[in-house]
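Thanks for coming. I will take a few minutes to walk through one protein, going from confidence to the sheet and then to one turn.

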Amino acid sequence: RAEAEARRQFATITHLERRAAVGELTAVITHELNQRLETILHNAEAGSMTLESGRASNEDLGLIFHDIGKSVERAAEIIQRLRGLLRHQPLELQPVDVNEIARDTAAVVHSMAGSKGVRLELNLAGNLIPVAGDRVHLQQVVLNLLLNGIEAMSAMPGDRRLLALRTISRDRHVEISICDRGPGIQAERVSQIFEPFYTTKGGGMGMGLAIARKIIVAHNGQIAARNNADGGATIWFTLPVTDP
C-alpha cells in the first residue's frame with residue numbers, strides 16, 4: 001500500500017510540474033494558434049470573394065483550400081502535443097522512439113525560443129534502437145531541459161543564443177543531451193542542481209530537475225550535467241535500449 005501511495009504521489013507531482021512547464025509556453029502557443037486561425041479566416045474570405053467575382057479557377061481555389069488545410073493541420077498538431085503533455089497518468093514503459101520525442105518536444109518550444117532570439121538546433125542520430133520508456137514523462141524531461149536552456153541564455157548576446165538538442169547511440173544506450181551557451185553552472189553547484197528545491201529562477205520551485213532525475217532513474221537511466229569548455233552547460237541523460 002505504501003509503494004502504491006508513493007507511485008500515486010509521484011504521478012501527481014510530475015503532472016503538476018508538467019502543467020507548470022506548459023504554462024510557461026501559454027502566451028507563445030496562444031499567439032501561434034491565433035496566427036493559424038487568422039490565416040484560415042483570411043483564406044476563407046479570399047475564397048468567398050473569388051467565388052463571388054465569377055472568375056474563380058480550379059487552380060486558385062485549390063491553392064486556397066490547400067493553405068486552409070495546412071493551417072488546420074498545424075493547429076491540430078499544437079493541440080495534440082499539448083494534450084499529450086497535460087495527461088495525468090502513471091509511468092508506463094513501452095518501446096518509444098527517442099528521436100520522435102525530441103522532434104515533437106522541440107516543436108512545442110520552437111516559437112518560444114524564436115521569440116527570445118534563441119536558435120534551436122537538432123542533431124539526431126539515425127537508426128536509433130527504441131528505448132523502454134514512457135513517452136509523456138520523457139517529453140516532460142526534455143521540455144524542462146529545453147526551457148531551462150532558453151532561460152539560461154536570456155542575458156547572453158544574440159550570437160551566443162544557440163540551444164542544441166542531440167541524440168546518439170552509446171553501448172546499448174541512447175544518450176540525449178541539451179547544450180546551451182549560457183553562463184554555465186557554478187562549479188560547486190553542478191552536483192546540487194538535481195536536488196529538490198534547488199533553483200536559480202526567481203519564483204522557481206526547484207523541482208523540475210529533481211523530477212527529471214527521478215523520471216530517468218525510473219527508466220533505469222542516468223542523468224548528469226557538465227560545463228562546456230567554450231561556455232554554457234550541457235545536461236545529458238541515457239536510457240537503455242529495448243532488447244531486439
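Confidence in this protein is lowest in helix α1, residues 2-24, where the mean is 57, and highest in β5, where it is 95. That matters for reading the picture, as this is a predicted model. Over the protein, the mean pLDDT is 79, and 75% of the residues reach 70 or more. Where pLDDT is low, the predicted coordinates should not be read in detail. I will therefore leave helix α1, with its mean of 57, aside.

Now the sheet. In what order do the 5 strands of the open sheet lie? Reading across, the order is β2-β4-β5-β7-β6, and the pairing is mixed. The edges are taken by β2, residues 119-124, and β6, residues 222-227. Each of these has a single partner strand, so one side of β2 and one side of β6 have no neighbour in the sheet. From one strand to the next, the twist averages 15 degrees.

Let me go through some of the pairs, starting at the β2 edge. β2 and β4 run parallel and are joined by 6 bridges. Within that pair, the residue opposite Asn123 is Arg166 of β4. Next, β4 pairs with β5 in the antiparallel sense, over 7 bridges. Arg166 appears again here, standing opposite Ser177 in β5. Then comes the pair of β5, residues 173-179, with β7, residues 233-240, which is antiparallel over 7 bridges. Ser177 has Trp236 as its bridge partner in β7. So you can follow a line across the sheet on your screens: Asn123 stands opposite Arg166, Arg166 opposite Ser177, and Ser177 is bridged to Trp236.

Last, the turn. β4 and β5 form a hairpin with 2 residues between the strands. What is the sign of phi at Asp171? Asp171 is not a glycine, yet its phi is positive, at about 45 degrees. Arg172, in the loop between β4 and β5, is not a glycine either and has a positive phi of about 65 degrees. For background, most residues other than glycine have a negative phi.

Are these two loop residues buried or exposed? Asp171 has 72% relative accessibility, and the cut-off for exposed is over 50%, so Asp171 counts as exposed. Arg172, at 42%, counts as partly exposed.

That is the end of the tour; I can go back to any part of it.

Note on methods: Residues numbered from 1 in each chain as written. Predicted model: local features only at pLDDT ≥ 70, side-chain atom pairs only at ≥ 80, totals over all residues. Heavy atoms only, no water. Pairing = 2+ DSSP bridges. Helix = DSSP H or I, 4+ residues; strand = E, 2+ residues; numbered from the N terminus. Axes fitted to C-alpha atoms, helices over the stretch in contact; angles between N-to-C directions. Buried < 20%, exposed > 50% of the residue type's maximum accessible area, 1.4 Å probe, protein only. pLDDT = per-residue confidence, 0-100.
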